[in-house]
There are 2 protein chains.
Amino acid sequence: MDHYYLKQKKILLVDDEREILAMITDFLSEDGYTQIRTAGTVKEALRTAEEWKPDFAVLDVMLPDGDGFFLFEQMRKFTQIPVLFLTARGEDEDRIRGLGLGADDYMVKPFLPKELLLRIGIILRRYYREEDPVVRLAGSRIDFARAEVVKNGEHLPLTAKEHEILSALCRNAGRIVTIDQLCEAAWGENPFGYENSLMAHIRRIREKIEENPSKPVSLITVKGLGYKLVPEGR
Amino acid sequence: MDHYYLKQKKILLVDDEREILAMITDFLSEDGYTQIRTAGTVKEALRTAEEWKPDFAVLDVMLPDGDGFFLFEQMRKFTQIPVLFLTARGEDEDRIRGLGLGADDYMVKPFLPKELLLRIGIILRRYYREEDPVVRLAGSRIDFARAEVVKNGEHLPLTAKEHEILSALCRNAGRIVTIDQLCEAAWGENPFGYENSLMAHIRRIREKIEENPSKPVSLITVKGLGYKLVPEGR
DNA sequence: CCCATCCTTACGTTTACCTTACATTTAAGA
DNA sequence: TCTTAAATGTAAGGTAAACGTAAGGATGGG
């Protein structure tokens, strides 16, 4: 899965029909999205948007206490998140209006859920493309694209081997990775005779990611089996 | 006008109907776009795409010598530019197919020209938003449009290769760009055997952008992984 | 208490990269 | 077409960060 971190973006759905909200929510969570909230009115939507700070919003144009365009303009006063409009009316005027205001997309009801998913995916990818997948640990976080770990605001660079080893651990986050597997990840074919070297690297990694390298809480050794990387909050 | 440089992006229009091409061209140039080319067949489109290197493409699905989806897949082999599909058929299957392949949007004919303009604007803004025509570094700033760097009031011109390499670094500002990626950016297909030449260019670039080229703070080397360009203020 | 396993540190070695000078290609102008 | 300068590519010696190694120390299970 290439863009897994996008699935953790907070999505706000605003519609006055409960069934529509339920349906979209179902499809989104089935597709892997984990953070979804809904609202049925402009008022409710504004409150949620302000407090919860979603990363993306789907707005119905027709709402009981105002229309989606008004809601959009209110939201733009405090957030620049991308927005997709849903509209029952297919009128040209409305279609243009949403986009002209600065929305990212719109869809006409009734729509195919599959298409909504695709469009949401496109927008999120486009908008949050610059963000790197970051792995959060107990006392630090790892940014692989920049090859550095941030601990207490300090930026510590990772070397090539450290990067390889951490990647391998990360790919199996939480699970045990054997020493053989780690050697293979770092040295390719002929990963023999490097067990000691691996140990030295583990030490150097711990000095970067751990609060106290001698009492590790993130990069744990499982005696006789290997190592494992535990993400923030177990 | 905030995004004036977006109007200079190269746009490729592919459709088999001359009138449609003419109409879209008119609307685009009226809206300020300066670089527009058209093609009527898959073959023609591929040639233009490869030689002219457009920044964005509008593809009709129905073409005399193949369909737009095939064309899209061929183009994806050498470019990652955003694409919008035009389709006469409103069939669900087709709508989904284009988006599923990785297109950025699609529109069903007949469409409102105004809406097409808005959608193209949205895509370009999102996609090229980070391409700041001037990039600020620790001790200098790069002006890509003029192909020069300004250091202590001095204007130092960039050569073609330096420009390519810096662009590639800039597109991933802060992130690591591998030597392979940089070679590919500068020498296209067959980026092999230029590693040493790249190094020489890196040196020359450093002499232009760095206060002290031997102690770089903007164009950093990450041993074993690649290089990265760090913008002003980390 | 002993053995196995892993930790820790210091230090020697390697290799990826730097630097420079020079050769070659390209492009512009005469 | 020829001339020339700038841009680009190549090669070789130098360097330091990253890596590997080894040896003594800790730790815990049996």
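# Crossings, strands and classes

Author: This model is predicted. In it, α5(A) passes α4(B) in a left-handed crossing.

Reader: Why is the crossing of α5(A) and α4(B) called left-handed?

Author: The term needs the near helix to be turned anticlockwise from the far one by less than a right angle. α5(A) passes α4(B) in that left-handed sense.

Reader: What makes α5(A) and α4(B) roughly parallel?

Author: Helix α5 of chain A covers residues 113-128, and helix α4 of chain B covers residues 92-101. Their axes come within 10 Å and cross at roughly 25°. That makes α5(A) roughly parallel to α4(B), because the angle falls under 35 degrees.

Reader: Which residues in α5(A) and α4(B) meet?

Author: From α5(A) come Lys114(A), Glu115(A), Leu118(A), Arg119(A) and Ile122(A). They meet Arg95(B), Ile96(B), Leu99(B) and Gly100(B) in α4(B). The cut-off is heavy atoms within 4.5 Å. By class, this contact has four nonpolar, one polar and four charged residues. Gly counts as polar.

Reader: Why are α3(B) and α4(B) roughly parallel to each other?

Author: Helix α3 of chain B, residues 68-75, packs with α4(B) at about 0°. Their axes are 11 Å apart. The limit is under 35 degrees, so the pair counts as roughly parallel. Phe69(B), Phe72(B) and Glu73(B) of α3(B) make the contact with Asp94(B), Arg97(B), Gly98(B) and Leu101(B) of α4(B). The classes here are three nonpolar, one polar and three charged.

Reader: Why are α7(A) and α8(A) called roughly perpendicular?

Author: Helix α7 of chain A spans residues 179-187, and its axis and that of α8(A) cross at roughly 85°. The two axes come within 10 Å. Angles of 65 to 115 degrees count as roughly perpendicular, and therefore α7(A) and α8(A) get that label.

Reader: Which residues in α7(A) meet which in α8(A)?

Author: Ile179(A), Leu182(A), Cys183(A) and Trp187(A) meet Glu195(A), Ser197(A), Leu198(A) and His201(A). Five of the residues in this contact are nonpolar, two are polar and one is charged.

Reader: Now the DNA. How many residues surround DNA strand C, and which are the closest?

Author: 19 residues surround DNA strand C. The closest are Arg203(A), Ser214(A), Arg203(B), Ser214(B) and Tyr227(B). Sugar and phosphate make up 79% of the atoms of strand C that come within 4 Å of the protein. By class, the surface near DNA strand C has seven nonpolar, six polar and six charged residues. α8 (195-209) of chain A and α8 (195-209) of chain B each supply at least two of its residues.

Reader: How do you know that Ser214(A) makes a polar contact with DNA strand C?

Author: A polar side-chain atom of Ser214(A) lies 2.6 Å from a phosphate oxygen of DNA strand C. The limit for a polar contact is 3.5 Å, so the pair qualifies. Tyr227(B) has a polar side-chain atom 2.8 Å from a phosphate oxygen of strand C. Gly224(B) uses a polar backbone atom, 3.2 Å from a phosphate oxygen of that strand. Those two pairs also lie within 3.5 Å, so they are polar contacts.

Reader: How many residues surround DNA strand D?

Author: 24 residues surround DNA strand D, the closest being Thr159(A), Trp187(A), Arg204(A), Thr159(B) and Arg204(B). For strand D, sugar and phosphate account for 52% of the atoms within 4 Å of the protein. The residues near strand D divide into eight nonpolar, 10 polar and six charged. α6 (160-171) and α8 of both chain A and chain B each supply at least two of them.

Reader: What lies 2.5 Å from a polar side-chain atom of Arg204(B)?

Author: A base oxygen of DNA strand D. Lys223(B) has a side-chain N or O atom 3.3 Å from a base nitrogen of strand D. His201(A) has a polar side-chain atom 2.8 Å from a phosphate oxygen of that strand. Each distance is within 3.5 Å, so each pair is a polar contact.

Reader: Which peptide bond is cis, with omega near -5°?

Author: The bond from Lys109(A) to Pro110(A). Pro110(A) sits in the loop between β7 (105-108) and α5 of chain A. In chain B, a cis peptide bond joins Lys109(B) and Pro110(B), with omega about -5°. Pro110(B) is in the loop between β7 (105-108) and α5 (113-128) of chain B.

Reader: What is phi of Lys53(A)?

Author: Near 55°, a positive value in a residue other than glycine. Lys53(A) lies in the loop between α2 (42-52) and β3 (56-60) of chain A.

How values were computed
Residues are numbered from 1 along each chain as its sequence is written. Chains are lettered from A and ligands numbered from 1 in the order in which they are written. This is a predicted model: local features need pLDDT of at least 70, side-chain atom pairs count only at pLDDT 80 or more; totals for chains, interfaces and linings use all residues. Side-chain values use heavy atoms; hydrogens and water are left out. Axes are lines fitted to C-alpha atoms, for helices over the stretch in contact, and angles run from 0 to 180 degrees between N-to-C directions. Helices (H or I, at least four residues) and strands (E, at least two) are DSSP runs, numbered from the N terminus. Angles under 35 degrees count as roughly parallel, over 145 as roughly antiparallel, 65 to 115 as roughly perpendicular and the rest as oblique. A residue is near a molecule or strand if one of its heavy atoms lies within 4 Å of it. A polar contact is a pair of N or O atoms within 3.5 Å; within protein, one must be able to donate a hydrogen and the other to accept it, and residues adjacent in sequence count only if both atoms are side-chain atoms.
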